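User: I am new to this structure and would like a close look at one part of it, followed by how that part sits among the rest. Please go slowly and explain each term as it comes up.

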Amino acid sequence: MKNYKLAIIGATGVVGQTALKVLEEEKLPIYEYAFFSSYRSSGKKIEFMGKEYTVRELKEDSFDEGFDFAIFSAGSDTSKKYSPIATSKGCIVIDNSSAFRMVEDVPLVVPEVNADEIFKNKGIIANPNCSTIQAVVALKPLDDKYAIKRIVYSTYQAVSGAGSKGIHDLKNGISSYLNKTDSYNLEKFPHPIFNNCLPHIDVFLDNGYTKEEEKMINETRKILGKPNLKITATTVRVPVLNSHSESINIEFENDIDIDDVINILKNAPGIVVQDNPLKNEYPLSTFSSGKNDVFVGRIRRDYSVPSGINIWVVADNIRKGAATNAIQILKKLLNKA
């Protein structure tokens, strides 16, 4: 068996650290690892699978060592600069940033949805946006059966999706409230996230939507292979530490049977249905955090249209929304290697 080598770029960040946890759980047939970061984080020590590693600064010659795979979780600028260098050395890149998602010949992959696209790569495979990943896991099996006509996304996204600075803003806000202090420095958000819902994720565009909303719209179309699908979105940052929640309204081309919809979701890969209104059972952020599945509940008919439903979808945005999805892609590559 070949001695596969894996590089983790952005190993000290929130997603990178979670990727290491998932890798320890999965125990893949990889026998050499290397961890890279920016100059600021280089030199840090990482305990991984019973061994201590030193995080190295990412440089242009870092890929001369002959890596088979690299997972990038260090932002778009880093991905744009170093991914082409990595692929030129024969390394397959799985990229967590937005850098290549909408590039035509770069596969945008959620393994439960479009795994075959993985093997059409030309060196780079893009991981979708966290909020898109959990949504399409639930949408795909329903689209296969009933043909989706229109989607309305309303998201409730945790602060961990904004990285460590977003987490600090919420924790500092809680501390300020409990200690009755007047102010604290915001590291990430334009307004305090504690005690607020911010209808503003990423930058505003000229059309009034945010970049996050545009990502969900365009990425969903690409992943489902429906470039003209009608989609609208409102994405909201909420004072929750981890795991994104989404209210998704779906209108179908064909008549639906709600019991069949529930059964389809129960039998779909990567989904756990939690839907018992009589016992107040439905997906929660606190339950999904730390898990790799997508949780779906509040499954009900939308009586305002001839053939529509509402669902509530919750998933750990750092795991399934980033690290786990990337490692699921890696597993598919290893199984074919």
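Analyst: The cover over the buried residues of helix H7 includes helix H4 (130-146), strand S12 (271-273), strand S13 (294-301) and strand S14 (308-315). The buried residues in question, within a helix that spans residues 258-266, are Asp260, Val261, Ile262, Ile264 and Leu265. Here buried means under 20% relative accessible area, exposed means over 50%, and partly exposed is what lies in between, with a 1.4 Å probe and protein chains only. Helices (H or I, at least four residues) and strands (E, at least two) are DSSP runs, numbered from the N terminus. At the start of H7, a side-chain oxygen of Asp257 comes to within 3.1 Å of the backbone nitrogen of Asp259.

The model is a predicted one, in which local features need pLDDT of at least 70 and side-chain atom pairs count only at pLDDT 80 or more, while totals for chains, interfaces and linings use all residues. Residues are numbered from 1 along each chain as its sequence is written, and side-chain values use heavy atoms, with hydrogens and water left out.

From H4, which helps to cover H7, the chain passes through a loop to S9, and Ala147 lies in that loop. Ala147 is partly exposed, with a relative accessible area of 22%, and its phi is near 65°, a positive value in a residue other than glycine. Most residues other than glycine have a negative phi. Another positive value belongs to Asn280, whose phi is near 55°; Asn280 is placed in the loop between S12 and helix H8 (285-288), and at 58% relative accessibility it counts as exposed.

Strand S9 (residues 148-157) contains Gln157, which is buried, with a relative accessible area of 1%. The side chain of Gln157 makes a polar contact of 2.7 Å with the side chain of Thr155; a polar contact is a pair of N or O atoms within 3.5 Å, where within protein one must be able to donate a hydrogen and the other to accept it, and residues adjacent in sequence count only if both atoms are side-chain atoms. Leaving aside residues up to four places away in sequence, Gln157 touches Ser131, Ile201, Glu212, Thr235, Val236, Arg237, Val238 and His244, a contact meaning heavy atoms within 4.5 Å.

Glu212, one of these neighbours of Gln157, belongs with Asp202 and Lys215 to a network of salt bridges. A salt bridge is a side-chain nitrogen of Lys or Arg within 4 Å of a carboxyl oxygen of Asp or Glu, and by this rule the count comes to 15. Within the network, Lys215 forms a salt bridge with Asp202, with the closest N and O atoms 3.2 Å apart. Lys215 lies in helix H6 (residues 211-224) and Asp202 in the loop between helix H5 (163-178) and H6, so this pair ties together parts that are 13 residues apart in sequence. Lys215 is buried at a relative accessible area of 15%, whereas Asp202 is partly exposed at 32%.

Elsewhere, Arg319 forms a salt bridge with Glu25, the closest N and O atoms being 2.7 Å apart. Because Arg319 lies in helix H9 (residues 319-336) and Glu25 in helix H1 (residues 14-26), the pair ties together parts that are 294 residues apart in sequence. Arg319 is buried, with a relative accessible area of 8%, while Glu25 is partly exposed, with 44%.

An open sheet of six strands has the order S5-S2-S1-S6-S7-S8, with parallel pairing, where two strands pair if DSSP finds at least two bridges between them. Its edge strands, each pairing on one side only, are strand S5 (56-57) and strand S8 (124-126). Strand S7 (residues 92-95) pairs with S8 over three bridges, and the bridge partner of Asp95 in S8 is Ala126.

As for the whole, the protein has nine helices and 14 strands. Of its 337 residues, 51% count as buried, and its C-alpha atoms fill a box of roughly 60 × 55 × 40 Å, taken along the principal axes. Among contacts with a separation of 6 or more, 67% are made by residues 24 or more positions apart.
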